[in-house]
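The exercises below ask you to work through a protein model step by step, with the coordinates open beside the text. Each task is followed by a worked solution.

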Amino acid sequence: MKLHVAPPSPRAFKVLAVARYLDLDFELCPVDILNGAHQRPEFAALNPNKKMPVLEDDGFVLWESNAICQYLAAKKPERGLLPSDPRGRADVSRWQFWDSAHWDPACATLVFERMLKKVFGQGDPSPAQVAKGEEEVRRFGGVLNGSLAGRRFLCGDQLTVADFWVGAWRNYSQPAAYPIGDLREIKRWYAGLMELPAWRESIVAPPF
Ligand SMILES: N[C@@H](CCC(=O)N[C@@H](CS)C(=O)NCC(=O)O)C(=O)O
């Protein structure tokens, strides 16, 4: 199995952390986004969106980080990352869609404006985009914080793929200055995720 990833990205982080948590055998194939590797025809043939991460598994090609995490989780059902009962599965799906619709775009706005924009030669952060990102991270961070109260993990006592999807963005809370430093449930939950060796091993500092 191959994972085509740019490891500092939260979207790469989550697939690597799930694969490592599950002790799956894989080859890490670095995608040099800074030098446009994702634009090359051989990469576009794997993912026509020209975005990483991408998984290749014995002829099966899959893109979209949350779908990849789910596929990996399904390889080891005994590890419990993907519940099989209807309510447990629906709860995990809820966080998948919430992440894709709200949390990922909100956090990505601040990561892009405050960390990546300069690296891609796109100038200073836009005050309007920063304000929008802050408002959304505060709003949805409040939802996340409230939902975590009384729960060890996002979907209860059991670690699931939802923790990887949503928690991946928390890795950049400080450098991207998310306005959620005072939210205690998120802090407590994230400290628990950081206790997982697979989580810690998958955090890669950006090369800038
Ligand atoms: N929804 C996609 C987003 C993937 C994505 O945006 N990847 C970024 C890096 S974090 C990328 O490859 N960007 C290159 C580009 O858009 O040109 C996923 O979760 O896999």
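**Exercise 1.** In this predicted model, establish how strand 3 and strand 4 pair, and what the turn between them looks like.

Solution. Begin with the ladder: strand 3 and strand 4 (residues 60-63) are paired in the antiparallel sense, and four bridges connect them. To fix the register, take Leu55, whose bridge partner in strand 4 is Leu62. Then turn to the connection, where two residues separate the strands of what is a hairpin, and where Asp58 in the turn adopts a positive phi of about 50 degrees.

**Exercise 2.** Determine which strands pair with strand 1, and in which sense, parallel or antiparallel.

Solution. First consider strand 3 (residues 54-57), which runs antiparallel to strand 1 and is joined to it by three bridges; within this pairing, Lys2 stands opposite Glu56 of strand 3. Next consider strand 2 (residues 27-30), which runs parallel to strand 1 (residues 2-5) and is joined to it by four bridges. The register of the parallel pair can be read from Leu3, whose bridge partner in strand 2 is Leu28. Finally, follow the chain from strand 1 through helix 1 (residues 10-21) to strand 2, a β-α-β crossover that proves to be right-handed.

**Exercise 3.** Locate two backbone features in the loops, one at Asp23 and one at the peptide bond from Met52 to Pro53.

Solution. Start with Asp23, which lies in the loop between helix 1 and strand 2 and which, although it is not a glycine, has a positive phi of about 55 degrees. Then move to Pro53, found in the loop between helix 2 (41-44) and strand 3; the peptide bond that leads from Met52 to Pro53 is cis, with omega near 5 degrees.

**Exercise 4.** Describe where the ligand sits, what surrounds the ligand, and which side chains approach its oxygen atoms.

Solution. As a first step, place the ligand, which sits in the largest pocket. As a second step, list its surroundings, which include Ser9, Ile33, Lys50 and Lys51, as well as Glu64; Met52 and Pro53, the residues of the cis peptide bond, also belong to this set. As a third step, examine the polar distances: a side-chain N or O atom of Arg11 is 3.1 Å from an oxygen atom of the ligand, the corresponding distance for the side chain of His38 is 3.1 Å, and for the side chain of Ser65 it is 2.6 Å. As a last step, consider the area: taken alone, the ligand exposes 510 Å², of which the protein buries 73%.

Methods: Residues numbered from 1 in each chain as written. Predicted model: local features only at pLDDT ≥ 70, side-chain atom pairs only at ≥ 80, totals over all residues. Heavy atoms only, no water. Pairing = 2+ DSSP bridges. Right-handed = clockwise from strand over helix to strand, strands pointing away. Near = heavy atom within 4 Å. Polar contact = N/O pair within 3.5 Å; in protein donor to acceptor, adjacent residues only side chain to side chain. Areas by Shrake-Rupley, 256 points an atom, 1.4 Å probe, with all protein chains shown as cover. 1 Å grid on protein atoms, 1.4 Å probe; cavity = no way out; pocket = protein on both sides within 12 Å on 5 of 7 lines; lining within 4 Å. Sits in = over half its atoms within 2 Å of the grid points.
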